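Reader: I would like to learn how to read helix packing and buried cores from a set of coordinates. Could we take one case and go through it step by step?

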Amino acid sequence: MSVFASPRFLPRVMWADAASCAGTGIAQLAFTQPLARLTGLPPSLLAGTGLFLLAYALAAGWMARRQPVPRTLIGLVAVGNLGWALACAALVLGSSLVLSGWGVAWVAVQAVVVLALADLQWMGLRATRRAAMPSQRAVV
């Protein structure tokens, strides 16, 4: 059996997603002003996304605890993670903000992490698709 098809794989990925969001959200809320000075990101953006990340971390933790795993929600989360990565790229490449090197790194690390999580979520969903489908037998 593939590691991706393990019934523990998707919950573990969702716990990792929850932990990374909680850590980032806490850091952005606890250190809004110092991070703003260090990165060049607006304090309102750091605080707003920090609050969002904490709420998201709670939702991801809830999904990780569900049995069976909420496949549709996890699929939406994977799409949302892709959207977050694209928003990070747009922030760095297409905004009028003047980010420091630390700011580019802060945003780029978030993009890389959520892309990796989205990929793991898709792999887990694909690997467990057959197990999630009800058995279908031809009636003769």
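Author: Let us begin with the orientation of α2 and α3 in this predicted model. An angle between 65 and 115 degrees would count as roughly perpendicular, while one that falls outside that range and is neither under 35 nor over 145 counts as oblique. Helix α2, residues 32–39, and helix α3, residues 43–65, pack at an angle of about 125 degrees, and α2 and α3 are therefore oblique to each other. Their axes are 9 Å apart, and α2 passes α3 in a right-handed crossing.

Reader: Which residues in α2 and α3 meet?

Author: On the side of α2 the residues are T32, Q33, L35, A36 and T39, and they meet P43, L46 and A47 in α3. Sorted by class, the residues of this contact comprise five nonpolar, three polar and no charged.

Reader: How should I read a single residue of that contact, and is T32 buried or exposed?

Author: The idea is to compare the relative accessible area with the cut-off, since buried means under 20%. T32, which lies in helix α2, has a relative accessible area of 13% and is therefore buried. If one leaves aside the neighbours within four places in sequence, T32 is in contact with A27, P43, L46 and A47.

Reader: At what angle do the axes of α2 and α5 cross?

Author: The axes of α2 and helix α5, residues 101–127, cross at roughly 115 degrees and come within 6 Å. α2 and α5 are therefore roughly perpendicular to each other. In this pair, L35, L38 and T39 of α2 meet W102, G103 and W106 of α5, and the contact has four nonpolar, two polar and no charged residues.

Reader: Moving from pairs of helices to cores, how many residues does the largest nonpolar core have?

Author: A nonpolar core is built by joining buried nonpolar residues through side-chain atoms within 4.5 Å. Here the largest such core has 14 residues, and M14, Y56 and I74 are those with the most contacts inside it. Helices α1 (9–30), α3 and α4 (71–94) each supply at least two residues of this core, with the largest share, six residues, coming from α3. Apart from this core lies another, of ten residues, among them A36, L46, A111 and V114.

Reader: Which residues does M14 touch?

Author: Not counting residues up to four places away in sequence, M14 touches Y56, A60, M63, A64, I74, V77 and Q121.

Reader: Could we take a residue of α5 as well, and ask what L125 is in contact with?

Author: L125, which lies in helix α5, is buried, with a relative accessible area of 7%. Leaving aside the neighbours within four places in sequence, L125 is in contact with L10, R71, I74 and G75. A separation between C-alpha atoms is a further quantity to read: those of L125 and A89, 36 residues apart along the chain, are separated by 26 Å.

Reader: Finally, how many helices and strands are there in the protein as a whole?

Author: The protein has six helices and zero strands, and the pattern along the sequence is α-α-α-α-α-α. Its C-alpha atoms fill a box of roughly 70 × 25 × 20 Å along the principal axes, and of its 140 residues 34% count as buried. Among the contacts with a separation of 6 or more, residues 24 or more positions apart account for 78%.

Conventions. Residues numbered from 1 in each chain as written. Predicted model: local features only at pLDDT ≥ 70, side-chain atom pairs only at ≥ 80, totals over all residues. Heavy atoms only, no water. Axes fitted to C-alpha atoms, helices over the stretch in contact; angles between N-to-C directions. Helix = DSSP H or I, 4+ residues; strand = E, 2+ residues; numbered from the N terminus. Left-handed = near helix turned anticlockwise from the far one by under 90°. Contact = heavy atoms within 4.5 Å. Nonpolar A, V, L, I, M, F, W, Y, C, P; charged D, E, K, R; others polar. Buried < 20%, exposed > 50% of the residue type's maximum accessible area, 1.4 Å probe, protein only.
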